[in-house]
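Trainee: I would like to learn how to read the fold of a model. Could you take me through one, feature by feature?

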Amino acid sequence: MKMGFGFYHHMLNRQQYDFAVQCGATHAVVHLVDYFYQGTAAQDNRQPVGNVALGWGYAGGTPEEAWSVKRLKVLKAEMNEAGLEFEAIENFDPAHWHDILLDGPKKAQQLEGLKQIIRHVGEAGIPIFGYNFSLAGVAGRLSFNEARGGAETVGMRGVDKTNTTPVPKGMVWNMIYDKDAPQGVLPKIDHDELWRRLESFLNELVPVAQEAGVRLAAHPDDPPLATVREQPRLVYQPELYQRLLDIVPSHHNALEFCLGTLSEMTEGDIYEVCDRYTRHGNVAYIHFRNVKGKVPHYTETFIDEGQIDMARIMAILKKNNFDGMLIPDHTPQMSCTAPWHAGMAFAMGYMKALLARE
Ligand SMILES: [Mn+2]
């Protein structure tokens, strides 16, 4: 198994790479989308929560050039120099695929754009591209000081206006892609319509990913509710992951397997689910983190204080000879001058100990 570390867009520099290597990481996941661009949240490395009007912030903040083969190769070389393999990019920019998600007029053009990105990623030698096919996106959560020792973390405390307020026009995936959009809210659609949009996306993208040597890896809906902000969601129960895989059975149609999100789901047994999907070779990489509770009442916790027995998960991964990457994903913020880094270092130490254990 490979130990990985995720970097937000503003963290792509040598100091951060060195920190990751010092924690024991050998592989890296890059969030090339700048979630914090012109947003309300400060760039303090916290996972963005955002507000109902603006979401996390504005889409399209990352320069187009960043998605070119040339820049991806430079980024890869810089990471290699620090001792990290560039294993995955996580997430498309809503600026690049809003009309694929919304079935809008630029859908065909944007599908071609995403294919080009996947070809670039393949050409740069990056083996995995993680994505989250979602309209409301990672939205509707609260931030509170309820992890161990009063650490700041995120979660849900029931259904309220943060997760029921309709998505305004011009917003998708919890980011603004058109600030001049007319007043109003996104039209309501049903789950079948959203599955049709995913099918169209996978039918177009998986063959290109296969040719490019890139595994597309789907993140489940976070938080895993059937509906958020009046929009349907796709993967909000463990069995719905199988429905996604069955659309285009391929090594290149795979999963970004988020243990935290899967454990927040109201159905399924996390150990059986982890065993089955890893045994079948469907998992490209794992968000190795812990939670307490189920939607709509849950808290993201430190790796050792949640409801998942992480040692038992590690034993399942070893039994199935899982050879992909594990990353901490997110952790509560620790009370010190480097809250995000301390949280990550703690999680990585715990993961390395589990990995080393017989
Ligand atoms: Mn995750």
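Mentor: We will go through the sheets, then the helix contacts, then the backbone exceptions. Keep in mind that this is a predicted model.

Trainee: Where should I begin with the strands? In what order do the eight strands of the barrel come?

Mentor: Begin with which strand pairs with which, and follow the pairing round. Here the eight strands run β1-β2-β4-β5-β10-β13-β14-β17 and close into a barrel, with parallel pairing. On average, and ignoring direction, neighbouring strands in this sheet are turned by 30° against each other.

Trainee: How many bridges join β1 to β2, and how many join β1 to β17?

Mentor: Take the two sides of β1 in turn. Strand β1 covers residues 2–7 and is joined by two bridges to β17, residues 325–327, in parallel. On that side K2 stands opposite M325. Four bridges join β1 to β2, residues 27–30, and this pair is also parallel. There F5 has A28 as its bridge partner.

Trainee: What lies between β1 and β2, and what is the handedness of the unit?

Mentor: For parallel neighbours, look at the chain that links them. Helix α1, residues 14–22, makes a right-handed β-α-β unit with β1 and β2.

Trainee: Which strand pairs with β13 over four bridges?

Mentor: Strand β14, residues 283–287, pairs with β13, residues 253–258, in the parallel sense over four bridges. One register point is C258, which stands opposite H287 of β14. A helix can also be read against the strands: α6, residues 191–212, lies across β10 (215–218) and β13, and it runs at about 140° to β10.

Trainee: What is the order of the open sheet, and which strands are its edges?

Mentor: An open sheet has ends, so to speak, and those are what to look for. Three strands form this one in the order β3-β9-β8, with mixed pairing. The edge strands are β3 (57–58) and β8 (171–172), each pairing on one side only. Strand β3 is joined to β9, residues 175–176, by two bridges, and the two run parallel. In that pair, Y58 has I176 of β9 as its bridge partner.

Trainee: Now the helices. How do α9 and α10 lie with respect to each other, and which residues make the contact?

Mentor: Read the distance and the angle of the axes, then the handedness, then the residues. The axes of α9 (residues 270–279) and α10 (residues 310–319) come within 9 Å and cross at roughly 20°. Angles under 35 degrees count as roughly parallel, and α9 and α10 are therefore roughly parallel to each other. Their crossing is right-handed. Helix α9 contributes Y271, C274, D275 and T278, and α10 contributes R312, I313, I316 and L317. By class, the residues of this contact are five nonpolar, one polar and two charged.

Trainee: At what angle do the axes of α3 and α4 cross, and what is the handedness of the crossing?

Mentor: The axes of α3 (residues 94–102) and α4 (residues 107–123) come within 8 Å and cross at roughly 130°. That makes α3 oblique to α4. The crossing of α3 and α4 is left-handed. From α3, H96, W97, D99 and I100 meet K107, Q110, L111, G113 and L114 of α4. This contact has four nonpolar, three polar and two charged residues.

Trainee: Which residues of α4 and α6 make the contact between these helices?

Mentor: Start again with the axes: those of α4 and α6 come within 9 Å and cross at roughly 20°. That makes α4 roughly parallel to α6, and the crossing is right-handed. On the α4 side are L111, L114, K115, I118, R119, V121 and G122, and on the α6 side E204, L205, V208, A209 and A212. The classes are eight nonpolar, one polar and three charged.

Trainee: Last, the backbone. Which peptide bonds are cis, and where are their prolines?

Mentor: The general expectation is that most peptide bonds are trans and most residues other than glycine have a negative phi. The bond from D222 to P223 is cis, with omega near -5°, and P223 is in the loop between β10 and β11 (227–228). The bond from V295 to P296 is also cis, with omega near 0°. P296 is placed in the loop between β15 (290–294) and β16 (297–301).

Trainee: What is the phi of R229, and where does R229 lie?

Mentor: R229 is not a glycine, yet its phi is positive, about 55°. R229 lies in the loop between β11 and β12 (231–232).

Terms used: Residues are numbered from 1 along each chain as its sequence is written. This is a predicted model: local features need pLDDT of at least 70, side-chain atom pairs count only at pLDDT 80 or more; totals for chains, interfaces and linings use all residues. Axes are lines fitted to C-alpha atoms, for helices over the stretch in contact, and angles run from 0 to 180 degrees between N-to-C directions. Angles under 35 degrees count as roughly parallel, over 145 as roughly antiparallel, 65 to 115 as roughly perpendicular and the rest as oblique. A crossing is left-handed if the near helix is turned anticlockwise from the far one by less than a right angle, and right-handed if clockwise. Two residues are in contact if their C-beta atoms, placed from the backbone, lie within 7 Å. Ala, Val, Leu, Ile, Met, Phe, Trp, Tyr, Cys and Pro count as nonpolar, Asp, Glu, Lys and Arg as charged, and the others, Gly among them, as polar. Two strands pair if DSSP finds at least two bridges between them. A crossover is right-handed if, with the strands pointing away from the viewer, the path from the first strand over the helix to the second runs clockwise.
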